Amino acid sequence: MFRFKNGTGAIYSVNNPIFNKIGLFFTVIILLVILSQLLFFLRPWQKIKEAKVSTFQMDYRQVLKRINLNVGDPYWLWAGQEQAVKNRVKNDRTIRSISMKMNQKGSVTVAVTENLTAGYIQKGQHWYRLDQNAKSRSGIVQPDGQAPVYTNFQIGSKVLKNTIKAYLLLDKVMRSDIGQIIYSPIKGSQKRLALIMNDGNLVYINASEMNRRMDLYPQMLATMEKKGIQTGVIDLEYGGFARKFQDSDKHLLDSASYTKNQSSQKSSSSKK
C-alpha cells in the first residue's frame, strides 16, 4: 500500500497485493534467520557432555559444585552465562577469578585463578593461613590437611618465602604428599629443610633444590622397599640415598608437635 499527497493536500493510498506479499515474505525470512541463529546459539537438543576444570590447588569437584554446573545439564542453561558464573563466586575468598568457555560439541572449559593456600603456620595459640607470598591471613581453628604445616619459620622471613615458592613449583600430587615442612638447619647445612611426608617418611632437602630433586622421591621409595625399609629417611640434600631412622631423626619427629598430635588424633578416631 502506498500513500501520497497531491497538490491539493488530499491523501491517496494504493493497495498493491504483490508488494504486500513481498514485504510479508521478507519479514518471515528475517524472523526465520533470527530464530535459526537463536536455536544455533542455545542448542536446546544438546546437553553438557564434559566439563574440564583448570585449577592449581582446588579439586575440580569443588569448582563445579560452587558454580552448580553438572555434566548432563541442558546446553541452553549455560549458554551465554559467563558473567553469571563470575557472580556466583565473587564472594569466594579462595577464587580470584574464573572464566568459562563452551564449544558446539557440548564441552565446557572452566579456568580458575586461585588465592592459593601455601600452608599453615602457628603463632602463639592461633593458626594462620599462608598465601603464595608467604603472608599470613585470617586466623583459623586448625589446618585442614590440604596444605602443609610450616614449623620453626618466622612469618615474613626470606627462608619462608623461598620455601613456599619452591613448594608451589612442585606438581599437585607431590604437594599433596607433604604434611609438614620444618626449617631444620644444622652446622653443615644452614638451609636444610625436613619434610614429613604423609606416608611416614622423612626427607631432608634444600629449598633451592626442592623442585628438581623431589622428582627422585618415587625412585627412593623403590630403593627403600628393596632394602626392606618400611619407613625411614630419604636424604636429597647431596645426591640421594635412603636409610633407617636414627636417633637425631626421631628427635626431630618428636619435636614436630603438629604431626604427633595429628597422628594421635587419627589413631583415637579410628578406635572409636
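The following exercises, each with a worked solution, concern one predicted protein model.

In this predicted model, local features need pLDDT of at least 70, side-chain atom pairs count only at pLDDT 80 or more, and totals for chains, interfaces and linings use all residues. Residues are numbered from 1 along each chain as its sequence is written, and side-chain values use heavy atoms, with hydrogens and water left out.

**Exercise 1. Overall composition**

State how many helices and strands the chain has, and what percentage of the residues is buried.

Solution.
Step 1. Helices (H or I, at least four residues) and strands (E, at least two) are taken as DSSP runs, numbered from the N terminus. On that basis the chain has 10 helices and 14 strands.
Step 2. A residue is buried under 20% relative accessible area, exposed over 50%, and partly exposed in between (1.4 Å probe, protein chains only). Of the 272 residues in the chain, 34% are buried.
Step 3. A contact requires heavy atoms within 4.5 Å. Taking contacts between residues at least 6 apart in sequence, 44% join residues at least 24 apart.

**Exercise 2. Salt bridges and their exposure**

Determine how many salt bridges the chain holds, and classify the residues of the pairs Lys52 and Glu50, Glu209 and Arg212, and Asp249 and Arg243 by accessibility.

Solution.
Step 1. The criterion is a side-chain nitrogen of Lys or Arg within 4 Å of a carboxyl oxygen of Asp or Glu. This rule yields five salt bridges.
Step 2. Lys52 and Glu50 form a salt bridge with an N to O distance of 3.8 Å. Lys52 is partly exposed because its relative accessibility is 44%, and Glu50 is likewise partly exposed, at 36%.
Step 3. Glu209 and Arg212 form a salt bridge at 2.3 Å, N to O. Glu209 has a relative accessibility of 24% and therefore counts as partly exposed, whereas Arg212, with a relative accessible area of 54%, is exposed.
Step 4. Asp249 and Arg243 form a salt bridge at 2.6 Å, N to O. Both Asp249 and Arg243 are buried.

**Exercise 3. A three-stranded sheet and its helix**

Derive the strand order of the sheet that contains E3, E4 and E5, and identify its edge strands.

Solution.
Step 1. Two strands pair if DSSP finds at least two bridges between them. The three strands form an open sheet in the order E3-E5-E4, with mixed pairing.
Step 2. Strand E3 (50-54) and strand E4 (95-102) are the edges: each has a single partner strand, so one side of each lacks a neighbour in the sheet.
Step 3. Axes are lines fitted to C-alpha atoms, for helices over the stretch in contact, and angles run from 0 to 180 degrees between N-to-C directions. Direction ignored, neighbouring strands of this sheet are turned by 15 degrees against each other on average.
Step 4. Helix H2 (residues 60-67) packs on the sheet and touches E3, E4 and E5. The direction of H2 makes about 110 degrees with that of E3.
Step 5. E4 and strand E5 (residues 107-114) run antiparallel and are joined by seven bridges. Thr113 in E5 is the bridge partner of Ser97.

**Exercise 4. The partners of strand E6**

Establish the sense in which E6 pairs with E7 and with E9.

Solution.
Step 1. Strand E6 (residues 119-123) and strand E7 (residues 126-130) run antiparallel, with five bridges between them. Leu130 in E7 is the bridge partner of Gly119.
Step 2. E6 and E7 form a hairpin with two residues between them. In the turn, Gly124 has a positive phi of about 70 degrees.
Step 3. With E9, strand E6 pairs in the parallel sense over two bridges. Here Ile121 stands opposite Tyr150 in E9.

**Exercise 5. Positive phi outside glycine**

Locate Asn68 and Asn152, and give the phi value of each.

Solution.
Step 1. Asn68 lies in the loop between H2 and helix H3 (75-78). Phi of this residue, which is not glycine, is positive and near 65 degrees.
Step 2. Asn152 lies in the loop between strand E9 (149-151) and H5. Phi of Asn152 is also positive, near 70 degrees.
Step 3. Asn152 is exposed because its relative accessible area is 53%.
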